[in-house]
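Please open the structure in the viewer and keep the selection tool at hand. The stops below cover a sheet, a single residue and a pair of helices.

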Amino acid sequence: MTAKFKADSRPLLTQNYSPLELEREVRSFWEKNRILKKLEETREKDNCGLLGYVEGPPTLNGVQHVGHARGRVIKDFRFRLKTMQNFYVSFWAGWDTQGLPVELEVEKTLGAKNKKELIERVGEERFVEECKKSIMKYHHLWVEADTMLGMFIDQDKAYYTHQDRYIEREWQYLKRAWEQNLLGEGYYVVAYCPHCQTSLSNAEVGLGYKEVEDPSIHFKFRVSGTENEYFIIWTTMPFTLVTDMIIGVNPKEDYARVKVGDEVWILAKARVEPIMEELEIEKYDVLKVMKGKTLVGTKYEYPFKDLIPKQAELDQHPLIHTVVDEDFVDVSTATGIVHLSPANGEDDFSAAQKRKLPMYAPFDEQANFTEEAGKFAGYFVRKTDSVVTEELENRGLLLKLKTVKHEYPTCWRSHHKLVWMARREYFMWTDKINDKVMEAAQKVKYFFDSPKNRFLAFLKEGKRWCISRDRVWGSPLPIWVCEKCGEKTLIASKKELIEKAIELPGKDFELHKPWIDRVILKCEKCGGRMAREHFVLDVWHNSGASPYARFTDEEFSKFVPTNFLTEAVDQTRGWANSLLLEHVILTGKPKAPYQEFLFQGFVLDAKGRKMSKSLGNVLEINKLLKEKSADITRFYFLWKCSPIDSMNFDPQELKGRPYQVLSTLYHLHNFFMQNAEYDKFNPKKHTLQWATKENALNASDRWLLSKLQCLVREFTEKAEECEFNFALSKLEDFIVNILSREYVPMIRKDLWSDEPETLNRRLAVYSTLWHVLKTLVLLSNPITPFLSEALYQSVYKKLDDSLPETVNLDNWPTPDKGLEDATLEEEFEILLQTIPIVYSARQDAQLKRRWPLAKAIVAAPKKAQKALKKLETLFLELANIKTVEYADELPEVDAERWAKASEGDLHVLLDKMRGDALEGEGLMRDLARRVQALRKELGFSPTDIVEAVHVAELDPKDIELLKPYMDEMKELVRAETVHVHGERPEIKADWHENKLDKKKVYVAVL
């Protein structure tokens, strides 16, 4: 039974590895002993340096799933690693509690279709209160998930982006931008989500592409003053014809006048043949070829002047509804002529602004056309496509209509199609500081090239940042505008607001809508009333302000730039971007707020599909960890693939290799404790130095210790470089292969004896295992903190109470050059290459490994022979052979008598002849293995000495063969007496049936 933790107690090792029970007890131990608090206090006072960290704040609009957990495990891994290296890390929690994601969750909870309906129904005050309730509901579930996962993040020092203190410090970024003329109002085309009724930044646009189906139309505009000449145009967004104002050509490219029936069509020369093929026109003639610049200024007949009075009015402008020249027009696609709607496209808008055309943007906040759109008024813009197409067809201007599937940006939160619309917004003119931003980004370490290149390519675009949002629950834009003269002022603190206000919503108001909108200032220029701009800030600005907003000024100077941050790869457009832009603005210098940034791949389901509620394949951490081990899950996240790769998360795989590795480490400690305690091993006395002085370490111990130094070096290097999968592969190989499968069989026989004269040898083995296993526990702590703590308490603290209170306060291992022996490792490599060849020869000849053989011949190069001769005693023991001879070349032998196996230049011959002595010894070992398995099944410890062992139903010949080996069998099965019988006698124990080759034997233990 597992021992229960008390405040001053430690776990005990049980026979079986039961991770869920172990993890519950370790959580209790941490909580009752305030381990995280003590760790924080100790490292704050005693450290080798400070490492800044700012939590990429999870949005509290849902529960934690495995995608979140992968990143959180990496963060915790790094924290534990650096803490054990004696650094103090500001590993403090942070929560993204504002913005569109939270609002949408509340809309869904209250059953509202959109923001407008919800505000009309409950008002802004109630809406804000519901947002606060929502975030705290999810906050509880996230903290629970982090606790179950073993995250040692400090929740007591958490920041919340909706708190006034945070908002006031966020405003300092805006103040710096204002002072540098990097913040201002503009009329610009922005991506707009009709469902969320707010604009998105360029960075956000890249977060939500998906395949959609749209109409694809080829149509024509008649050239003014002609009867039969037309410009040929193509689009997938017919609704934009409502706001069409100009058409563009590339001035440097060739365009053709093409006779088609009774008409003349104008399009790019390079596109004539493809377009005719697309429109299934076989007969046509190219009449003339001219440069695009010759078409500039040509007037065309806008087709809907009779339907849209405003367009008829605009048509009087000399440049509206004419051809313009723009280098961005591509003549290798479509028709080489583009229609431009300045209210619906960035390039279109720029072309219109360049020519100082009036703005025509007849949209409301729900992306419906207004009265200015004439016949199209009241239509949702994307639902106008069919109406526009029908009108074109009625007027004989539609050439072809079909549908196409293509990638199109959708809202990253509501998943609705975005619409580009010209709107009045506030922008950070980050395009003006792009050189500084790029210089800052180049100095950061990204660990892997692919995400680095992706991030730098995005930053290079250098687009302005639309930071205003037409929502409610967010940090308010602190800009007040005079109702009389239009003067603007930015206020960056609550104190200043109160000092300058002529109207306040009360003495203690919070910095949110609707209260902040009730603050009225007096214009210093004209004395008029100043009201706040109604916008709130982009949620990415909110979280991007965290390096300054979450710290005090003193902490900011100590912890920023942060040392290491990590988030999912989509944050190249999200948090990593906003952090960088805001820090460059705040400091005015080409410096990033982070020294290292790891972008992680996504977590997919077992079939490689994106996890989504619609597919029902989302794995929530709270639910998963009630059934699965946190340690094994953590190991799996780090072990399965590179952190930058997308990983297919299959819960069934947790039961495979990850479980095997941790179970092996657990049982190695059981093996150690059962033997070490039996021999009264004292780690304070029986150190490696003691064992060396007593000359009690043998070659296998020194080999294992040397291999350990390599593991420590390679694991640490790979961990520091975020190559976690390679680090864990090294650890896995050491635990399962080097230690369990190779070293333990080498020393198992040393531990069989209870004789006083061999005690020092046994104690030397324990000193080796103590050092090696403890190092493995320390290396494993960042990966599997529960198992590491349990083993640390139940083994190391139990045997040495002078050790630190927790594994987390112990020191990270460093390689000891004094224990390295490259020559010995090379010799053991040859030994361990040869043993499997012996096993292969045995298998081919059907000779069990437990059967001793008389002789082996090894033919090998001189270097291999020399190594094997040095380790001959160990070779004979592992190969279970009595003698060995060496040869430069493989001798000719009788194939009937000798078994053979080879690999490369290593060859092994085994003498298959077995006399009575060898048969008896082999039979004894076969039976001993079955007795040992029964002992374990019955719950005996390996060190327990049983009263008697009985083996029955043996042939008289087998009994005779066994007689010389009864004393050795007693040692092997740790029994006072061993009895063999032809028939089963009456004894005070149950008989257990076993198969021995093709016979049945029965075993009993008293």
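Two strands pair if DSSP finds at least two bridges between them; strands (E, at least two residues) and helices (H or I, at least four) are DSSP runs, numbered from the N terminus. This is a predicted model, in which local features need pLDDT of at least 70 and side-chain atom pairs count only at pLDDT 80 or more, while totals for chains, interfaces and linings use all residues. Residues are numbered from 1 along each chain as its sequence is written, and side-chain values use heavy atoms, with hydrogens and water left out.

Select first residues 209-222, strand S7, and residues 229-235, strand S8: six bridges join these antiparallel strands. Phe219 stands opposite Ile233 in S8.

Extend the selection to the open sheet of six strands, ordered S12-S10-S11-S8-S7-S15 with mixed pairing. S12 (285-291) and S15 (398-409) are the edge strands, each with a single partner, so one side of each has no neighbour in the sheet.

Next, select Lys175 in helix H6 (residues 164-179). At 36% relative accessibility, Lys175 is partly exposed, because that class lies between buried (under 20%) and exposed (over 50%), with a 1.4 Å probe and protein chains only. Leaving aside residues up to four places away in sequence, Lys175 touches Leu490 and Ala492 (heavy atoms within 4.5 Å).

Finally, select helix H20 (residues 630-639) and helix H21 (residues 657-678), whose axes are 9 Å apart at an angle of about 120°. The axes are lines fitted to C-alpha atoms over the stretch in contact, with angles from 0 to 180 degrees between N-to-C directions.
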